[in-house]
Amino acid sequence: MYPRVEISLGKIRHNAENIISLCNKEDINVAAVTKVFCGIPEIAKVLVESGATMIADSRIENIKDMKDIKVPKILLRLPMISQAEEVVEATDISLNSELATIRELSTKALEKGKVHKIILMVDLGDLREGIIEEAEVFETVEEILNLKGIELIGIGTNLTCYGGVIPNQENLSRLVHIKEALENKFSIKLDIISGGNSSSLYLLEGEGIPKGINYFRLGESIVLGRETAYGNRIKDTYDDCFKLIAEIIELKEKPSLPIGEIGMDAFGNVPVFEDRGIRRRAICAIGKQDVSIGDIVPEDDKIIILGGSSDHLIIDVTNSLNSYKVGDKVSFKLTYGGILSTSTSEYVKKVIVE
Ligand SMILES: *Cc1c(COP(=O)(O)O)cnc(C)c1O
């Protein structure tokens, strides 16, 4: 059935083993992040077999799907307060920055006779989640320590995702200092310093990671084989663990300029065209509802992507060495956004291959 995404478990295993062992050499454990592929349990299982000691996802629905995988599950996105009961029920650990939510988690945990573990998020400047003022970190921890339903197991940070701030010795050292200061002030032991995502990986090969950082939460680096601070490929990894395959439903020679007065396209934009004469054009049965055109790269590098609409993708195959015909399949590599959106689209079949 098409369109489909073919997911190579063998390639994912190869990437995960390489990257996790790079981290383990520096005494860093890996929580494998599964949100980009919507928590498909078969993939999560491979990540755990490859050395990930925790699974992390931003959606509770995905975490529930992975309940049979026996490692601790982290909820990555700060919990909605309205979701506190579900969070306590379905996840082992959540990332938090709001006392009101943490109080509610404690209440719900106590009702269920549980203790819910949390990692307190510190904002080192990227301006997404986390407490930015150090004084507030201390006040918050003081309060958390009074909550019977909550166990504070560590602190963490997230960088690069919003503000593009790159992790380095300086900002990550602050996290280590905060952790040590918290331990001294409150006579507690914090087991985890979760020092970021795939954008922290480049430090392993370069200036190093401040001692004390002992967890990374890794998604993109594993599925695409690239670090995300500078976007460099990680050596000996695959970038095509996920491939999109779409079927050709029309193949005809047509002019490259539309005929008639040009108004707006289906998305309200006025399109512009380049006249390349008569071209061989194929329509594939996939569209913007499933994936953005900028997030797919044809494996046949002679194919030019012309555009598309909600349900159609139009490509130019004139220069291709293959003689495509109706019913043939065209395959594409995917960017992070492409894996995310095709994973989310229920119209795209997911097929696991070795
Ligand atoms: C998505 C996410 C990650 C993983 O990021 P990658 O760049 O895919 O490694 C880590 N931490 C948090 C809080 C996230 O939301």
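**Asp240 and some ring contacts**

Author: In this predicted model, the side chains of Asp240 and Lys11 are joined by a polar contact of 3.2 Å.

Reader: What makes the link between the side chains of Asp240 and Lys11 a polar contact?

Author: The distance. The limit for N or O atoms is within 3.5 Å. Asp240 and Lys11 come to 3.2 Å, so the pair qualifies.

Reader: Where is Asp240, and which residues does Asp240 touch?

Author: Asp240 sits in the loop between α9 (220-224) and β10 (242-255). Leaving out residues up to four places away in sequence, Asp240 touches Lys11, Glu299 and Lys333.

Reader: Why is Asp240 called buried?

Author: Buried means under 20% relative accessible area. Asp240 has 13%, so Asp240 counts as buried.

Reader: How many aromatic pairs are there in the whole structure?

Author: Three. One of them is Phe37 with Phe242, and that pair is stacked.

Reader: Why is the pair of Phe37 and Phe242 called stacked?

Author: Ring centres must lie within 6.5 Å, and stacked planes are under 30 degrees apart. Phe37 and Phe242 show 6.3 Å centre to centre and 25 degrees between the planes. So both tests are met. The two residues are 205 residues apart: Phe37 in the loop between β2 (29-33) and α2 (41-49), Phe242 in strand β10.

Reader: Are Phe37 and Phe242 buried or exposed?

Author: Buried. Phe37 has a relative accessible area of 1%, and Phe242 has 2%.

Reader: How do you know that Lys288 lies over the face of Phe267?

Author: The distance limit is within 6 Å of the ring centre. Lys288 is at 4.2 Å from the ring centre of Phe267. Lys329 likewise lies over the face of Tyr2, at 4.7 Å from the ring centre.

Notes. Residues numbered from 1 in each chain as written. Predicted model: local features only at pLDDT ≥ 70, side-chain atom pairs only at ≥ 80, totals over all residues. Heavy atoms only, no water. Helix = DSSP H or I, 4+ residues; strand = E, 2+ residues; numbered from the N terminus. Buried < 20%, exposed > 50% of the residue type's maximum accessible area, 1.4 Å probe, protein only. Polar contact = N/O pair within 3.5 Å; in protein donor to acceptor, adjacent residues only side chain to side chain. Contact = heavy atoms within 4.5 Å. Phe/Tyr/Trp six-rings, centres within 6.5 Å; stacked < 30°, edge-to-face > 60°. Lys NZ or Arg CZ within 6 Å of the ring centre and 35° of its normal.
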